[in-house]
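Visitor: Please take me through one part of this model in detail. I would like to look closely at the largest nonpolar core and what surrounds it.

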Amino acid sequence: MREMPVNDTYDDDGDDLTRVDADERSPGDELFDDAEREPESEEPDDEAEADADDGDDEVERVPVAAGRGKDESEKLDQYLLRRYHLHGDRRARDQLITMYLPLVRSLARRYSSRGEHFDDLVQVGSIGLIKAIDRFDLSRGVELTTYATPNIIGEIKRYFRDKGWSVRVPRGLQELNIRLNKVIDELVPKLQRSPTINEIAEAAGATPEEVLEALETSQAYNSVSLQASPNGEGDDETGLIDYMGTEEEAYDTMEDRTMLAPGFAKLDARERYILHLRFFEGLTQSQIAARVGISQMHVSRLIRRALEKLRANIGEGAL
Amino acid sequence: MTDIIRLAVTASPAALPVVRMVLGGVAARVDLSLDEIDDLYVAVEELLSAADGLGEGPQHELVIEVADDGVTVDAGPFRTAGLRERLSADQPGSGLGLRTVMDSVVQAVEVCRAPDDCYRVVFAKRRGAGTA
């Protein structure tokens, strides 16, 4: 029986092979847990056995071997791709997805300073990875990494372009808005306070008017709710909020004071937490951003959106 | 030096971007920080949205006073008892009411008498001043 590693994969740079420990799995990895529990393919065994060159063992029974080189990695990719494309072996597909998730995380990290949560981008990038695996053409002789990388990046970019902006915003303003996000995140720790518009403008190489206009466009920006379940299905009680590093004690206090108030029940956990920090704990937006691990601009949007929801949910006479 | 800017907008959510742009430009001139400007936005949005919800209008007038150390906003005229009630202290356990929001993001929130049985709401945002 051929020995094939099942858990070795690319590291975050996408170029070295390393072992991925279970502890290092990101929340986005849960996306694939259900798929991994799918029943085995009902493909006739004789067809699998006929392909002796590819090995006739089930993928999950292939032993793990550490320290595999790049050539071996390519062989494993080809083996799994053939298992999936020629024999419909879903487990081979799932294994490829798991193996290449660190590559998705690496690429998502490049875009995580643009105002979207890293885990959201990992989920979107994962869709690109799955598309790449599904559309891979065995006859073209290219490596999966070569084919998957532009697919993953394309999916992330498409997410920013198509789903991020709820109204038409000129491209120049979109780009400035994205740049400002980064500039603000750099200025806050440097100045140890929230920057002024003039400081932001100087750092971004823009005028104060342009900065104000670009900041205004961020109100037209939609972000995927982190309350959405990681697998995108509505019946999952676990949202991405549950993976955020929050202080449990503070969270409990917030629940005591506001959970029973009208309208709050309709807010998701992160919105309640952020409103609590701003209006009951008195933290500034920059302080909340640092505590929660998202950008100031994102905090701003979340506060405004949560207040809007509160108004809508509470209705007349309650707020 | 004190500048006064008068802005009259339709009582509609569609007017809020215009209000934000004007306020932002004014606040940037006196070097309010990004957090402080956003607080100012929240205060105006919450006040005007609450007013709109209660049928105040058809126009809102904002008088923006620009001082060296910050901005004072005088909004009105308002007539409804409902808005005045919401601007009084929130009841314990009532959650995040308008008054709590306003006190959290701006300073010196006051309801002032105006002609014709109306009232105006005045609040300030000072540079570097903490909020509640």
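Guide: What follows starts at the core, then turns to the sheet, the chain contact and one buried serine.

The model is predicted; local features need pLDDT of at least 70, side-chain atom pairs count only at pLDDT 80 or more, and totals for chains, interfaces and linings use all residues. Residues are numbered from 1 along each chain as its sequence is written, while chains are lettered from A and ligands numbered from 1 in the order in which they are written.

The largest nonpolar core holds 65 residues. Such a core is a set of buried Ala, Val, Leu, Ile, Met, Phe, Trp, Tyr and Cys residues joined through C-beta atoms within 7 Å. Buried means 20 or more other C-beta atoms within 10 Å of the residue's own, exposed 12 or fewer, partly exposed in between, with C-beta atoms placed from the backbone. A:Ile200, A:Ile274, B:Leu40, B:Ala43, B:Val44 and B:Leu47 touch the most other members. Helix α2 of chain B (34-53) gives the largest share, 11 residues. Helices (H or I, at least four residues) and strands (E, at least two) are DSSP runs, numbered from the N terminus. Domain 2 (165-222) and domain 3 (238-319) of chain A both contribute residues, so the core lies between them. Those bounds come from an automatic or database domain assignment.

Now B:Leu40. Beyond four places in sequence, B:Leu40 contacts B:Leu23, B:Ala27, B:Val71, B:Val106 and B:Lys125. Contact means C-beta atoms, placed from the backbone, within 7 Å. Of these, B:Val71 stands opposite B:Lys125 in β5(B).

Next, the sheet. Chain B has an open sheet of five strands, ordered β1-β2-β3-β5-β4, with antiparallel pairing. Strands pair if DSSP finds at least two bridges between them. β1 (3-10) and β4 (107-114) of chain B each have a single partner strand, so one side of each is left without a neighbour in the sheet. β3 (70-78) and β5 (118-126) of chain B pair over seven bridges. α2(B) lies across β2 (59-67), β3 and β5 of chain B, at about 165° to β5(B). Axes are lines fitted to C-alpha atoms, for helices over the stretch in contact; angles run from 0 to 180 degrees between N-to-C directions.

Then the chain contact. It takes 30 residues from chain B and 32 from chain A. On the chain B side, α2(B) gives the largest share, nine residues.

Last, A:Ser300, in helix α13 (296-314) of chain A. A:Ser300 counts as buried because it has 25 C-beta neighbours inside 10 Å. Beyond four places in sequence, A:Ser300 touches A:Gln285 and B:Asp38.

How values were computed
Contact = placed C-beta atoms within 7 Å.
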